[in-house]
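Hello,

Here is the structure we talked about. Please open it and keep it beside this note while you read.

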Amino acid sequence: MKDAFVELPEGIHTIGHQTDGYCFDNEGPSHRVLVGPVRIARALVTNGEWLDFIKDGGYANPALWLSDGWAAVQNDGWQAPGHWQDHDGEWRQFTLAGLRRSIPPCR
């Protein structure tokens with residue numbers, strides 16, 4: 001897709017939740033940071049795309065991780081997101097309603 005990514009120029013940008021509405025605790029407070037030039041996806045990653053990452057060896061490839069993330073993969077033995085579980089080759093997701101066969105519902 002041509003417009004799947006957007007370029008963000010280097011500079012000081014305000015990040016974090018910036019309105020009075022609801023936000024998760026890790027989205028605030030709003031603050032200004034120096035950001036290098038980046039290219040970021042316009043859409044969220046789907047469960048199907050994350051499953052493809054797992055199947056393609058994403059948790060075994062240090063080139064795909066920042067150093068702190070790779071250290072956590074190695075130290076904690078990560079092989080998938082913490083709320084995902086592999087049950088005999090079928091991925092399940094732990095939700096507020098318990099363990100569900102919901103991976104991947106979308107691509």
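**Confidence first**

Among the elements of the protein, helix α2 (residues 67-76) has the highest mean pLDDT, at 96, and strand β6 (residues 90-95) the lowest, at 87. This is a predicted model. Over the whole protein the mean pLDDT is 89. Of its residues, 93% reach 70 or more. A word of caution for the rest: where pLDDT is low, the predicted coordinates should not be read in detail.

**Overall build**

The protein has 7 strands and 2 helices. Along the sequence they follow the pattern β-β-β-β-α-α-β-β-β. The radius of gyration is 17 Å, while the globule rule gives 13 Å for 107 residues, so the protein is more spread out than a compact globule. Along the principal axes, the C-alpha atoms fill a box of roughly 45 × 35 × 35 Å.

How much of the protein is buried? Buried residues make up 20% of the 107 residues. The protein exposes about 8,600 Å². Carbon and sulfur atoms supply 54% of that area.

Now the contacts. Take those with a separation of 6 or more: residues 24 or more positions apart account for 42% of them.

On charge, the protein carries 9 positive and 14 negative charges. The mean positions of the two sets are 7 Å apart.

**Two backbone points**

Which peptide bond is cis? The one from G28 to P29, with omega near 0 degrees. P29 sits in the loop between β2 (11-15) and β3 (31-35).

The other point is D88. This residue is not a glycine, yet its phi is positive, at about 55 degrees. D88 lies in the loop that runs between β5 (84-87) and β6. Is D88 buried or exposed? Its relative accessibility is 85%, over the 50% cut-off, so D88 counts as exposed.

**Three residues to click on**

Start with L51. You will find L51 in helix α1 (residues 47-55). Its relative accessibility is 4%, under the 20% cut-off, so L51 counts as buried. P81 is 30 residues away from L51 along the chain. The C-alpha atoms of L51 and P81 are separated by 9.8 Å.

Next, T14. This residue belongs to strand β2. T14 has a relative accessible area of 36% and is partly exposed. Which residues does T14 touch, leaving aside its neighbours within four places in sequence? T14 is in contact with S30, H31 and R32. H31 and R32 fall within the range of β3 (31-35). For a long span, select T14 and Q85. They are 71 residues apart along the chain, and their C-alpha atoms are separated by 36 Å.

Last, E90. Strand β6 holds this residue, and β6 is the element with the lowest mean pLDDT. E90 counts as partly exposed, at 32% relative accessibility. Leaving aside neighbours within four places in sequence, E90 is in contact with Q85 and R101. E90 and R101 are 11 residues apart in sequence. In space they are 7.7 Å apart, C-alpha to C-alpha. Q85 thus turns up twice in this note: as a contact of E90, and at the far end of the 36 Å span from T14.

**Where to look**

For a quick tour, begin at the cis bond from G28 to P29. Then go to D88 and its positive phi. Finish with buried L51, followed by T14 in β2 and E90 in β6.

Best wishes

Methods. Residues are numbered from 1 along each chain as its sequence is written. This is a predicted model: local features need pLDDT of at least 70, side-chain atom pairs count only at pLDDT 80 or more; totals for chains, interfaces and linings use all residues. Side-chain values use heavy atoms; hydrogens and water are left out. pLDDT is the predictor's confidence in each residue, from 0 to 100. Helices (H or I, at least four residues) and strands (E, at least two) are DSSP runs, numbered from the N terminus. The radius of gyration is taken over C-alpha atoms; the globule rule is 2.2 Å times the number of residues to the power 0.38. Buried means under 20% relative accessible area, exposed over 50%, partly exposed in between (1.4 Å probe, protein chains only). Contact means heavy atoms within 4.5 Å. Accessible areas come from the Shrake-Rupley method with a 1.4 Å probe; for residues, only the protein chains shown count as cover. Lys and Arg count as positive and Asp and Glu as negative; His and the chain ends are not counted. The place of a charge is taken as NZ of Lys, CZ of Arg, CG of Asp or CD of Glu.
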